[in-house]
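Here are my notes on the model you sent, set out as numbered points that you can check against the coordinates as you read.

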Amino acid sequence: MPRNNHKSHRLMLRMTILIALILLILFGWIVWTLKTAERHFGHANEHMSLFSKIRYAHSLNRNFAELQQPVDFTDGLDRKFVVEQDESAQNLCQRLFDEGFVRDRKTTCQLMTYLGRDRSIQPGSYTIPSGITSIEMTKIVGNPRYRDIELRIYAGWRLEEIATSIDLLGFSFNGSDFLALAKHPSQNLKEQFPFIHSYGLQGYLLAGLYSFKPDITLEETLAILLGEFEAKVIKSELKTMLENNGLNLHEGLTMASIIQRETLAIEEMPLMASVFYNRLKLGMKLETDVTVQYAVGWYPPQETWWKTQLTWDDLSIASPYNTYNNYGLPPGPICNSGIEVIRAVAQPEDSEYIFFRAACDGASTHNFSITYEEHLNKGCE
């Protein structure tokens with residue numbers, strides 16, 4: 001065999017071995033890159049191409065140290081992050097970075113794409129603990145498994161109605177547990193919130209929308225609700241203003257709860273408050289149906305806690321909450337109110353009205369009168 005052919009053969013063999021070695025090294029690097037990324041971040045999105053998996057895995061592995069650095073919030077407390085409806089992954093990553101939840105926008109988005117989280121972002125509120133890493137953040141935000149439970153307390157709801165809503169929302173506790181603790185707060189809650197009254201928490205849970213982390217306990221839930229009340233009522237000027245009007249906090253909340261059940265028109269609440277103040281000053285009975293409704297309680301035929309079309313028997317029911325039989329305010333609030341009605345009791349209008357009745361125009365407002373004769377003349381035909 002000619003000498004040149006031997007050289008050519010050896011050269012091809014060496015090239016083949018070199019290429020095979022390079023491919024083996026490349027294959028090993030690919031396997032190592034993918035396995036390392038899987039160990040650090042979890043399984044890649046199954047719909048992603050192999051090339052994309054390798055590219056993202058390589059980039060993420062290079063930034064692993066940065067991604068696992070915790071982000072500590074200034075106050076060390078949990079923070080809320082709200083994912084908007086139809087929000088894109090790019091916009092989400094930008095907001096996470098802008099609001100201080102992650103250290104790097106680009107790598108956070110890369111991780112979301114690698115895991116397929118960019119395809120399944122769910123809107124809602126999410127509770128983010130201080131000290132969380134970008135890796136953990138990516139797995140939480142937009143993931144319905146970690147989405148907050150949202151509880152809306154409607155103005156005018158009594159504790160039992162809140163309990164019914166709790167049973168429908170998937171808390172770790174049920175409505176009966178909530179009701180028991182709300183009616184008889186623990187010593188821990190009493191020490192944390194000394195304004196709690198012996199009658200329980202009726203009237204002390206402000207109307208509004210609340211977001212809770214999925215694994216929250218019952219006592220933590222009540223602490224958040226009471227903390228909101230403390231911030232808006234106790235630590236504001238409202239408590240002092242109630243006292244300046246001659247009512248302590250519990251009495252002020254009781255009057256507010258009555259007005260809350262009487263009207264939904266925020267603009268007339270201060271005027272209605274003046275009516276109840278005037279009746280108390282004159283030593284008159286309050287004579288309001290809503291307190292009787294509270295005394296009657298659950299009414300099966302209508303499946304409601306607020307019976308409509310009260311009878312004469314209802315109006316004569318023996319109860320300290322029956323303001324047709326008893327003078328003064330009832331023992332405690334009959335429902336939970338919005339902050340607007342508490343503000344109305346703290347800042348009532350100055351009037352001489354002592355009567356009111358529903359207007360006849362279907363607007364859900366009321367006509368106010370000074371004399372009983374005037375009151376009667378404003379009845380609907």
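1. What span should the 13 residues of helix 13 (residues 269-281) have at 1.5 Å a residue, and how far apart are its end C-alpha atoms? This is a predicted model, and in it the expected span of helix 13 is 18 Å, a value that agrees with the 18 Å between its end C-alpha atoms. The expected figure comes from multiplying 1.5 Å by one less than the number of residues, which is why 13 residues should give 18 Å.

2. Helix 13 is mostly covered, since eleven of its 13 residues are buried; among them are Met 269, Pro 270, Leu 271, Phe 276, Tyr 277, Asn 278 and Arg 279. The buried residues of this helix pack against helix 12 (249-262) and helix 16 (339-346), and also against strand 7 (355-358) and strand 8 (366-369). Just after helix 13, the chain reaches Gly 283, which takes a positive phi of about 75 degrees.

3. Helix 13 also appears in the description of the largest pocket, for which the computed volume is about 820 Å³. The lining of this pocket is made up of 35 residues, and those that lie nearest its centre are Glu 262, Asp 289, Phe 356, Arg 357 and Ala 358. Two or more lining residues come from each of helix 12, helix 13, helix 14 (289-296), strand 7 and helix 17 (372-377), and strand 7 gives the most, with four residues.

4. The largest nonpolar core has 65 residues, of which Ile 162, Phe 178, Leu 205, Leu 226 and Ile 259 touch the most other members. Leaving aside neighbours within four places in sequence, Phe 178 is in contact with Leu 159, Ile 162, Ala 163 and Ile 166, and also with Leu 205, Leu 218 and Leu 222. A second core, separate from this one, has 19 residues, including Val 102, Tyr 126, Ile 128 and Ile 132.

5. A search of the whole structure finds one disulfide, formed by Cys 93 and Cys 109 with their sulfur atoms 2.4 Å apart. The link of Cys 93 and Cys 109 is right-handed, with 110 degrees about the S-S bond. Cys 93 lies in helix 4 (residues 89-98) and Cys 109 in helix 5 (residues 105-115), 16 residues apart, and the pair links distant parts of the chain. Both Cys 93 and Cys 109 are buried.

6. Is Cys 335 buried or exposed? Its relative accessible area is 0%, and because buried means under 20%, Cys 335 counts as buried.

Technical notes. Residues are numbered from 1 along each chain as its sequence is written. This is a predicted model: local features need pLDDT of at least 70, side-chain atom pairs count only at pLDDT 80 or more; totals for chains, interfaces and linings use all residues. Side-chain values use heavy atoms; hydrogens and water are left out. A nonpolar core is a set of buried Ala, Val, Leu, Ile, Met, Phe, Trp, Tyr and Cys residues joined through side-chain atoms within 4.5 Å. Buried means under 20% relative accessible area, exposed over 50%, partly exposed in between (1.4 Å probe, protein chains only). Contact means heavy atoms within 4.5 Å. A disulfide is a pair of cysteine sulfur atoms within 2.5 Å. On a 1 Å grid over the protein atoms alone, a cavity is a set of points where a 1.4 Å probe fits but cannot get out, and a pocket is an open set with protein on both sides within 12 Å along at least five of seven lines; lining residues have an atom within 4 Å of a point. Grid points are joined across faces, edges and corners, and a volume is the space filled by probe spheres set on the points.
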